[in-house]
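The following exercises introduce the reader to one protein structure. Each task is followed by a solution in steps.

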Amino acid sequence: SKAGRWYADSVKRDTSVSRPHPPFTTSTMQQDGASKLNLTPAQVMQLAQQLYEGVDIPGMGHTALVTYIRTDSTRVSSDAQNEALAYIRSNFGDNYAPVRPNVYKAKSGAQDAHEAIRPISLAMTPESLKDKLQRSMYKLYKLIYDRFVASQMAPALFDTLTVHVNSVSDKVYGYVLKGKTLKFNGWQAAYMPAGEGEEKSGKALPDIKEGETFILK
């Protein structure tokens, strides 16, 4: 029966690494626009086209905000990478900047004529444009901006715990318990993919030791 004494016959603690997502291509921008902003692919492209062609901003005139929006490349220029690293160090801290710039491999068959979709200048922050852009355009610009910044940041780190629990008496039943808690948020400080981010920082994993016994109630 399941009742009675149980023990942890193996306890494994480790650190897992979550690497940032690459900057947007046309298709990943459309996917995120759907899952995060509830926009259709056509609506995403219409807004992105305006961001690329330029919008009239009070005090600045007609201003283009993002690079070319029809691309399947994840490449970014070295100038853009250097600007991103300086921005990350000053806005998040040195430990959020990787030692070397993050480079993303192109998928096989990808055309590399254009860079990934990114802001033309990180000085044009979403916050500074919030009152100057139409609402859905601002949201898409912020998504492109945050995704690009995150793509150039250090990995996120998690403490992980895997425990196998067995019955002292019959050893017929066994249970595997898994836990994960955020140790360092890294790139997730700038951008959180849809469906991720359940783990919270500071939530301690239980201190279970190998050989520890339990009573199942």
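Two strands pair if DSSP finds at least two bridges between them; strands (E, at least two residues) and helices (H or I, at least four) are DSSP runs, numbered from the N terminus. The model is predicted, so local features need pLDDT of at least 70 and side-chain atom pairs count only at pLDDT 80 or more, while totals for chains, interfaces and linings use all residues. Residues are numbered from 1 along each chain as its sequence is written, and side-chain values use heavy atoms, with hydrogens and water left out.

**Exercise 1.** Determine the order of the strands in the open sheet, and state which strands stand at the edges.

*Solution.* Begin with the order: the four strands run β5-β4-β1-β6, with antiparallel pairing. Next, consider the edges: β5 and β6 each have a single partner strand, so one side of each is left without a neighbour in the sheet. From one strand to the next, the twist averages 35 degrees (axes are lines fitted to C-alpha atoms, for helices over the stretch in contact, and angles run from 0 to 180 degrees between N-to-C directions). Finally, examine one pair: β4 and β5 are joined in the antiparallel sense over 10 bridges, and Val165 has Tyr175 in β5 as its bridge partner.

**Exercise 2.** Establish whether Ser18 is buried or exposed, and list its contacts beyond four places in sequence.

*Solution.* First locate the residue: Ser18 belongs to strand β1, which covers residues 4–18. Its relative accessibility is 17%, so Ser18 counts as buried (buried means under 20% relative accessible area, exposed over 50%, partly exposed in between, with a 1.4 Å probe and protein chains only). Then list the contacts (heavy atoms within 4.5 Å): leaving aside neighbours within four places in sequence, Ser18 touches Pro155, Ala156, Phe158, Trp187 and Gln188.

**Exercise 3.** Identify the element that gives the most to the largest nonpolar core.

*Solution.* Start from the term: a nonpolar core is a set of buried Ala, Val, Leu, Ile, Met, Phe, Trp, Tyr and Cys residues joined through side-chain atoms within 4.5 Å. The largest such core has 47 residues, of which Met29, Leu65, Leu140 and Tyr141 touch the most other members. Elements giving two or more residues to this core include α1 (26–37), α2 (41–53) and α5 (135–151). The answer is α5, with 10 residues. As a last step, take Leu140: beyond its neighbours within four places in sequence, Leu140 is in contact with Met29, Leu37, Val44, Leu47, Ala48 and Leu51.
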